[in-house]
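Dear colleague,

Please find below the structure that I am handing over to you, followed by an account of what was found in it. I would be grateful if you kept it open while reading.

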Amino acid sequence: MASEDKFKALVLYIGNSPLVSNLGMTKLWKLIYFIDTAALRSWGNSITGSEFIKYEHGPVPSKGEKVIKRMRKDGDIEVIQENHRAFRIHRIVARTPLTEGFFSSEEVTLINEILQNYGQQTASYLSELSHREPAWHYAENLQKLEHTLMFYGSEEDPNIF
């Protein structure tokens, strides 16, 4: 299965998950980052196959905008601008249910673990958490995160904070 198909499937999985609340674009990118880094650390490969770019609010998948644009065009998701507390968010609403078979049972377990841990957190919290990741910390703004650094979490580089 092409990595873009898995990326789309992951967006739908997150968008349809009862473990996730207030899903905006920033939160979506951070959840995908944490899922992909967990997969890298567990199996040596990410789920989406995407590289990540350093932005001010944390890592963003390089394929993200293209995939979201295609999913919107195809009617799989809707992106609704709305106010949430003091912020304006681009809420992601899944319009297509995810069909079975996109993920292995191990991937589903890993995805659900990340969503259980982070799905109710705010985008701001997840952004701050992502800033503790060595791959984001050591990257230059608007540059790709070093793939080899994505294997290491904040607990493995105490010099960041």
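Leaving aside its neighbours within four places in sequence, with which residues is S127 in contact? Before the reply, please note that this is a predicted model. Beyond those sequence neighbours, S127 is in contact with T26, K30 and H57. S127 itself belongs to helix α5, which covers residues 123-130. With a relative accessible area of 6%, S127 is buried, because the limit for that class is under 20%.

Overall architecture

The protein contains 6 helices and 4 strands. Followed along the sequence, these elements appear in the pattern α-α-β-β-α-β-β-α-α-α. The C-alpha trace spans about 45 × 40 × 25 Å along the principal axes of the protein. For 161 residues, a compact globule would be expected to have a radius of gyration near 15 Å, and the 15 Å computed for the protein therefore agrees with that expectation.

Of the 161 residues, 46% count as buried. Among contacts in the protein with a separation of 6 or more, 64% are accounted for by residues 24 or more positions apart. The accessible surface comes to about 8,700 Å², and carbon and sulfur atoms hold 47% of it. As to charge, there are 18 positive and 21 negative side chains, and the centres of these two sets are 8 Å apart.

The β1-β2 hairpin

Strand β1 (residues 52-55) and strand β2 (residues 58-61) run antiparallel and are joined by 4 bridges. The two strands form a hairpin, with 2 residues between them. Within this pairing, I53 of the hairpin stands opposite V60 in β2.

H84 and its surroundings

H84 lies in strand β3, which comprises residues 77-84. Neighbours within four places in sequence aside, H84 is in contact with N22, I89 and R91. A further relation concerns K27: H84 and K27 are separated by 57 residues in sequence, and their C-alpha atoms are 13 Å apart in space.

Two residues with positive phi

As background, most residues other than glycine have a negative phi. Two residues deserve mention in this respect.

N22, listed above as a contact of H84, is not a glycine, yet has a positive phi of about 45°. N22 is located in the loop between α1 (3-16) and α2 (25-43). Is N22 buried, exposed or partly exposed? The relative accessibility of N22 is 36%, so N22 counts as partly exposed; that class lies between the limits of 20% and 50%.

L142 is also a residue other than glycine with a positive phi, in this case near 65°. Where is L142 placed? L142 is in the segment after α6 (134-137). L142 counts as exposed because its relative accessibility is 54%, and the exposed class begins over 50%.

To recapitulate the individual residues, S127 is buried, N22 is partly exposed and L142 is exposed.

With kind regards

Terms used
Residues are numbered from 1 along each chain as its sequence is written. This is a predicted model: local features need pLDDT of at least 70, side-chain atom pairs count only at pLDDT 80 or more; totals for chains, interfaces and linings use all residues. Side-chain values use heavy atoms; hydrogens and water are left out. The radius of gyration is taken over C-alpha atoms; the globule rule is 2.2 Å times the number of residues to the power 0.38. Buried means under 20% relative accessible area, exposed over 50%, partly exposed in between (1.4 Å probe, protein chains only). Contact means heavy atoms within 4.5 Å. Accessible areas come from the Shrake-Rupley method with a 1.4 Å probe; for residues, only the protein chains shown count as cover. Lys and Arg count as positive and Asp and Glu as negative; His and the chain ends are not counted. The place of a charge is taken as NZ of Lys, CZ of Arg, CG of Asp or CD of Glu. Two strands pair if DSSP finds at least two bridges between them.
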